[in-house]
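This report looks at the aromatic rings of one structure and at the charges placed over them. The sequence and structure come first.

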Amino acid sequence: MGIDVKIQKRLGAFQLMVEFHGTSNRIGILGASGCGKSMTLKCIAGIETPEDGWIRVGDQVLFDSDRKRDLKPQKRNIGYLFQNYALFPTMTVAQNISAGLKGSRKEKQKRIEEMIEKFQLSGLQHHFPRELSGGQQQRTALARIMAYEPEAILLDEPFSAMDVFLKDRLQQEMTEMLKDYTGTVILVSHSRDEIYRFSQELLVMEQGKHVVFGGTKEIFEHPMYREAARLTGCKNISGIRRVDAHTLEASDWGIILHTKGEVPLEANWVGYRAHDFVPVWGERKENCLKVAVKSVAELPFECNYYLWPEGDGRDKESICWFLQRERQQEVEEKGIPDYLEFREEKLMFLR
């Protein structure tokens with residue numbers, strides 16, 4: 001079906017300028033708190049009105065500033081799942097599900113029964129929201145949305161207030177509940193793990209603007225932009241000076257790197273993920289960093305080393321080397337490596 005968004009909106013000193021054209025069923029929006037993710041969803045839902053641009057879902061034009069078209073929220077056929085699920089506290093599960101339904105009493109009852117069965121709410125139809133667990137509340141909120149068959153569903157950080165165990169379980173439940181839904185689902189989150197797990201396409205935002213949009217896996221592998229690399233979990237980012245077509249100085253790491261491929265002219269930064277280093281014992285190889293441990297954090301499933309940059313780098317950020325548990329035995333046997341090697345195919349050149 002697809003969604004096409006190009007909007008601008010000012011709110012005080014904050015300026016929202018977002019553009020993306022999604023063709024998949026699952027789209028993620030990733031960004032730090034306050035970057036405009038939720039405002040983007042509210043504009044799509046009709047809760048906020050952009051000053052310029054357009055919003056199209058499938059063949060339907062929801063907003064177009066040039067054509068003076070701005071459908072009211074109730075006319076947009078968009079389901080919006082808020083962080084707290086926004087269930088009506090004085091209504092039962094069945095009443096909450098029926099809230100947006102049209103049709104005869106018999107038709108409504110049939111649809112309620114279908115949703116209660118589909119979302120595993122049997123036996124809970126007469127319960128109030130306060131009597132439900134977090135997962136049951138989530139399923140009720142989804143059932144209420146799905147009951148009127150929206151063309152798109154907007155999920156606004158639905159797991160943000162949950163502990164890790166519950167979050168993981170409810171993410172899996174939600175994915176399962178939505179697997180038969182053929183419309184577009186947009187998930188807003190500041191968690192890269194949630195986004196990677198859920199979405200096929202990804203919009204990265206920073207300070208009200210879109211940074212990059214494309215396939216989720218492709219952006220995680222090749223972020224292209226510094227902010228996209230940072231938000232997708234890259235811990236090591238250095239400014240660079242291009243010495244020649246195959247040589248660069250990583251100023252924040254205090255080293256020179258040589259590449260077989262050309263160093264892109266437009267690159268201002270280089271990124272390297274903390275899990276991708278190759279430990280080297282003995283003589284220094286090309287493209288290596290001398291290991292000088294600043295601090296260590298031992299975690300249940302990995303050991304995180306924070307290293308000093310080479311040269312006069314005491315005022316610069318630590319270089320992160322994260323060693324997963326299955327590789328720790330080698331370090332325990334051989335000791336801390338003398339160097340860490342950068343693999344060229346894992347270098348990320350960034351703008």
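## Aromatic pairs

In this predicted model, the count of aromatic pairs comes to eight, taking rings of Phe, Tyr and Trp whose centres lie within 6.5 Å. Tyr196 and Phe220 make up one such pair, with 4.8 Å from centre to centre and 70 degrees between the planes, an edge-to-face arrangement. Tyr196 belongs to helix α6 (residues 192-198) and Phe220 to helix α7 (residues 216-221), so that the pair links distant parts of the chain, 24 residues apart.

The two residues can also be described by accessibility. Tyr196 has a relative accessible area of 38% and is partly exposed. Phe220 has a relative accessible area of 12%, which is under 20%, and therefore counts as buried.

## A pair between loops

Phe277 and Phe342 have ring centres 5.0 Å apart; because their planes stand at 75 degrees, over the limit of 60, the pair is edge-to-face. This pair also links distant parts of the chain, with the two positions 65 residues apart in numbering. Phe277 lies in the loop between β15 (269-272) and β16 (278-280), and Phe342 in the loop between β21 (339-341) and β22 (348-350).

Phe277 and Phe342 are both buried. They also belong to a cluster linked by ring pairs, together with Trp253 and Tyr272.

## Charges over rings

Arg226 has its charged end over the ring of Trp269, at 3.9 Å from the ring centre. The charged end of Lys294 sits over the ring of Trp308, and here the distance to the centre is 4.7 Å.

Technical notes. Residues are numbered from 1 along each chain as its sequence is written. This is a predicted model: local features need pLDDT of at least 70, side-chain atom pairs count only at pLDDT 80 or more; totals for chains, interfaces and linings use all residues. Side-chain values use heavy atoms; hydrogens and water are left out. Rings of Phe, Tyr and Trp (its six-membered ring) pair if their centres lie within 6.5 Å; planes under 30 degrees apart count as stacked, over 60 as edge-to-face and the rest as tilted. Helices (H or I, at least four residues) and strands (E, at least two) are DSSP runs, numbered from the N terminus. Buried means under 20% relative accessible area, exposed over 50%, partly exposed in between (1.4 Å probe, protein chains only). A charge sits over a ring if NZ of Lys or CZ of Arg is within 6 Å of the ring centre and within 35 degrees of the ring normal.
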